Amino acid sequence: MAKKDTQLSVVGKRQPRLDGPLKATGRSQFADDVVLPGMLHGKIVRSSIPRGRIVSLDTSRAEKLPGVKAVITHQDTNSMMYGSDQFLLSDDRVNCFGDEIAAVAAVDEDTAWEAAELIRVEYEPLPSVFSVEDAAAEGAPLLHEYNENNFADDLSMNFGDGEKAFSEAQHIRTDRYTVHPSHSCFSEHHTVLADYSLPDQLTIWTPIQASIHIQMNMSFKFGLPASSVRIMNLNTGGAFCGRGADKPHHYIAALLSRKAGKPVKIRCSADEEFIVYHGGGTYNFTLKTGVMKDGAIKAIEADLLLDCGAYMGSQFIVLRFLGFTLQMLYKLEASRFRGRLVYTNNPPYFFHHGTGMVALRFALGSQLDLIAQDLGIDPVELRQINAVEKGYTTPNQSDYASCGLKECIQKVSRKSGWKKKYGKLQPYRGIGIGCGMIRAGGKGMLDHDTSSAFIKIEEDGRASLFTGLPDMGQGSHTAMAMIAAETLGITPD
């Protein structure tokens, strides 16, 4: 039977992080701390131009260098694809600065660097485009010639009667917002240690936030049973959506390991971080919002051009998230969304923080502040009028069984001293309000759509909790231990 809050002895109480002493003393293990017997070091040869044909690729000098144990190019990958439109290692052309072309494995990192520099690549440069506006323009160079244009995806999602809602609106405002490329700048660099030295058995050590996604993708691409692919997650030095998917270096390390017959570690340099991360690209939003004079929102329309870089990857997810959630934060009668992914010769993007939600909420929140000014309504009051609440049904017929947004806005505005500060602070000082929402977790993304935990009671009465949830720095392992302790009637330690 569920306990009342007053009966809880662990949950809801202050609790030091259980891994705090290990983190503070430097004893916590990260992927780069793992060293296996006979381990080699890998380096990736990347494109030095943004777009062009590969005229020649010469690996002979690298292969002859003492200490080099494996060199791979496109011919060694069996034309393996990373995503739907990108070869793992480039075949005859490159589409962005940093495109993976070849890789080496050597007895130490210095030798691997030297071998990578000995690989000679000759290019025939091709015209490049770097902004979404230039790439979307008629007559722009086609990045992928099998397409008619540079749109990787074009999605429309409409809920409710937009024409009717906008026609009834008493005030309509249209604005454009741009969010520039972003990067999480993790405390831990991208690192992978792959051991594919045993037949049909692949083990990966890497910082990650969704182990099962990497396991399933790697098992599929290598033709292995999922149980033959082990993803070993230790500590993760930051994630923020940036470690939720497999990356090319995971596969490259595995291929090098398989060819050399030894474990291979690839540690990305600081420069490489800004290539391999696949952070957030440029968002160009055009927002149109119709409201009544009392502030009630009638309809919202969003048109988005999103830079996906040279390859689409999983960016199509962003359009679907944004189109669906445009109607989920405020009560309205209709929402209209069109999103287009645009190929450019920038490195591939994924998303930075919340599947594009932060970018959308910045744009919509900024426009709501301007609408509040237009109508002479306090921005907090405008949000209170329109905030979704328990019992509300969205235009696409989603029901809110519970929601505390209005109460949250009320408490935050009171405790922050909003009425005393808004518009009354000294120059260059201000106070603002922003609201956001996002679906929690990755439910619905895989056929196997369940989660579980396992508790083992030791002979001395202590309990061991096994969970697939990585701790990315947010303290989730301590939180899980608190829940288990509360249930078992023991202390978190």
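This passage describes selected strands, helices, ring pairs and contacts in a predicted model.

An open sheet of 5 strands is arranged in the order β7-β15-β14-β13-β8, and its pairing is mixed. Strands β7 and β8 (171–179) form the edges, each of them pairing on one side only. Between neighbouring strands of this sheet the average turn is 10°, direction ignored. At the β7 edge, strand β15 (residues 334–343) runs antiparallel to β7 and is joined to β7 by 8 bridges. Within this pairing, Phe159 stands opposite Ser335 of β15. Helix α10 lies across β8, β13 (283–291) and β14 (297–309), and its direction makes an angle of about 145° with that of β8.

Helix α10 (residues 357–375) also packs against α11, with an angle of about 110° and a distance of 9 Å between the axes. Angles of 65 to 115 degrees count as roughly perpendicular, and α10 and α11 are therefore described as roughly perpendicular to each other. On the α10 side, the residues that meet α11 are Gly365, Leu368, Asp369, Ile371 and Ala372, and their counterparts in α11 are Pro379, Leu382 and Arg383.

The loop between α11 (379–386) and α12 (405–415) contains Val388. The relative accessibility of Val388 is 2%, so this residue counts as buried, the limit for that class being under 20%. Beyond its neighbours within four places in sequence, Val388 is in contact with Met328, Leu329, Tyr330 and Lys331, and also with Tyr400, Cys403, Leu405 and Lys406. One of these partners, Tyr400, is 12 residues from Val388 in sequence, with a C-alpha to C-alpha separation of 8.0 Å.

Aromatic rings were examined next. The count comes to 10 aromatic pairs. Among them, Phe159 and Phe324 form an edge-to-face pair, with 6.4 Å from centre to centre and 85° between the planes. This pair links distant parts of the chain, since Phe159 belongs to strand β7 (residues 151–159) and Phe324 to helix α9 (residues 316–325), 165 residues apart. The two rings fall into separate accessibility classes: Phe159 has a relative accessible area of 16% and is therefore buried, whereas Phe324, at 31%, is partly exposed. A stacked arrangement is found for Tyr283 and Phe285, whose ring centres lie 5.9 Å apart and whose planes differ by 15°. Tyr283 and Phe285 are both buried. Elsewhere, Tyr82, Tyr196, Phe222 and Tyr251 are linked into a cluster by ring pairs.

Charged side chains are also placed over aromatic rings. The charged end of Arg243 sits over the ring of Phe186, at 4.1 Å from the ring centre. Lys288 lies over the face of Phe166, and here the distance to the ring centre is 4.4 Å.

A hairpin is formed by β16 and β17, with 5 residues between the two strands. Strand β16 (residues 453–457) and strand β17 (residues 463–467) are paired in the antiparallel sense over 5 bridges. Across this pairing, Ile457 stands opposite Ala463 of β17. In the turn, Gly461 has a positive phi of about 95°.

Methods
Residues numbered from 1 in each chain as written. Predicted model: local features only at pLDDT ≥ 70, side-chain atom pairs only at ≥ 80, totals over all residues. Heavy atoms only, no water. Phe/Tyr/Trp six-rings, centres within 6.5 Å; stacked < 30°, edge-to-face > 60°. Helix = DSSP H or I, 4+ residues; strand = E, 2+ residues; numbered from the N terminus. Buried < 20%, exposed > 50% of the residue type's maximum accessible area, 1.4 Å probe, protein only. Lys NZ or Arg CZ within 6 Å of the ring centre and 35° of its normal. Pairing = 2+ DSSP bridges. Contact = heavy atoms within 4.5 Å. Axes fitted to C-alpha atoms, helices over the stretch in contact; angles between N-to-C directions. Parallel < 35°, antiparallel > 145°, perpendicular 65-115°, else oblique.
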